[in-house]
Amino acid sequence: MKLKGSTVMPEGRLSSDVVGLKFNRHESFPPRFGWLHKAYLQVKKDEMLFHAPDALVRLGVGKNMVDSMRYWAQAFKLTHEYRSADVQARALAAAPTWRARWLLDEDGADPYLEDTGSLWLLHWWLVSGEKEAKCLVPSWYVMFHLAPLARVTVDEMATLITREVHSSFDRDKWPAPDSISRDVQCFVKMYAPDMDPNPLSPGSFEDSLLCPFKELGLLEYQGGRGKERTYRFTSGIRPSLPPSVLVHTCLDYAARFSRKPDSISLARLASEPGAPGRAFHMREPELARSIEAFVENHPQLEIVESLGQRSLRFADNPETLAWDILDELYGRVRDRAGFPTPDEWARRNPGLKKSTDDAEATQGQIPQQSTMIEELA
């Protein structure tokens with residue numbers, strides 16, 4: 001059964017308007033510390049970086065890791081792949097997106113990801129999806145947005161993902177069972193801390209640094225061995241998640257439904273598949289407490305109540321407001337000398353506007369870029 005595209009997905013269903021069916025493209029490596037920054041800098045210099053004979057030398061990693069870095073850069077929506085008119089081979093060129101320029105350039109917001117808030121932002125970019133910027137980690141999307149269980153084994157994760165994919169897409173789109181299993185293993189390595197960490201062991205310390213997303217504390221090891229090994233998705237207030245980043249994601253999500261001053265219920269922000277509450281595993285009361293103080297001090301935001309339902313009201317285009325709030329947190333990156341607007345960046349990187357014959361390649365630009373350009377002008 002293939003679902004028709006809709007702005008609000010039914011519970012427990014994937015949509016091709018939201019996810020791109022890419023499985024096991026990570027080569028079993030979760031994104032490592034420094035990879036995204038390095039990939040951005042090198043792609044900015046050479047659109048064919050990932051196919052260059054000396055890519056291993058330039059990126060300082062092995063062949064499988066080059067492929068993994070390519071995948072993660074695209075999955076985090078930091079690169080956009082397209083067919084270059086100058087290249088006869090089937091290899092796809094890559095262009096750095098404006099959001100990558102904003103975050104990872106040497107004069108960007110946080111090129112070395114020293115602020116945990118940047119990891120939360122990247123996590124949102126990774127597991128959120130829409131037609132203009134699909135989620136390219138469908139297994140991740142299922143586990144954060146559609147999984148009904150808080151405690152799961154690796155086998156249960158694989159079963160959940162398989163069920164969602166099979167019920168949403170035609171058989172010819174189904175991945176091999178091994179691909180889903182490897183996704184689950186990578187997912188656990190990305191978010192769960194070591195089962196038996198030893199702070200005195202250099203190896204354990206190195207492992208804790210390999211994937212910075214463990215810092216988010218979204219997944220915990222609960223016990224058991226082998227197939228009985230169990231993990232728990234944590235929930236609650238996220239102390240390391242800056243309120244402004246959370247508000248940014250709420251407005252980013254709201255912008256998928258309205259580009260005008262409007263409001264969106266906190267219940268939707270907390271519980272709707274694809275929304276920040278699902279991505280961060282925060283229930284409505286926790287989400288509300290996390291943003292209330294920030295909203296009270298922001299003139300264009302307000303939490304209103306009507307008929308027992310609380311909503312976040314915004315007095316401007318939510319996309320524009322979302323980026324204004326995020327940019328303010330990082331010291332007004334867009335106001336720095338020589339910093340390009342999205343339109344200027346697209347002119348420098350014309351590949352960002354090109355499509356590709358590869359049905360799985362998706363856009364990495366800011367949604368509805370032209371709207372944001374007009375607001376920033």
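1. Let's begin where helix α5 starts: a side-chain oxygen of aspartate 115 comes to within 2.8 Å of the backbone nitrogen of glycine 117. That makes a polar contact if you go by the usual cut-off (N or O atoms within 3.5 Å, one able to donate a hydrogen and the other to accept it; residues adjacent in sequence count only if both atoms are side-chain atoms). Keep in mind that this is a predicted model, where local features need pLDDT of at least 70, side-chain atom pairs count only at pLDDT 80 or more, and totals for chains, interfaces and linings use all residues. Residues are numbered from 1 along each chain, and side-chain values use heavy atoms, without hydrogens and water.

2. Now the helix itself (a DSSP run of H or I, at least four residues, numbered from the N terminus). Its twelve residues should span 16 Å at 1.5 Å a residue (1.5 Å times one less than the number of residues), and the end C-alpha atoms are 17 Å apart, which agrees.

3. How many residues of α5 are buried? Eleven of the twelve, so the helix is largely enclosed by the rest of the structure. Buried means under 20% relative accessible area, with a 1.4 Å probe and protein chains only. Among them are Trp120, Trp124 and Trp125.

4. Take a look at leucine 113, in the loop between α4 (98–104) and α5. Leucine 113 is buried, at 12% relative accessible area. Leaving aside neighbours within four places in sequence, its contacts (heavy atoms within 4.5 Å) include Phe33, Leu103 and Leu122. The C-alpha atoms of leucine 113 and leucine 103 are 8.7 Å apart.

Notes:
Helix = DSSP H or I, 4+ residues; strand = E, 2+ residues; numbered from the N terminus. Buried < 20%, exposed > 50% of the residue type's maximum accessible area, 1.4 Å probe, protein only.
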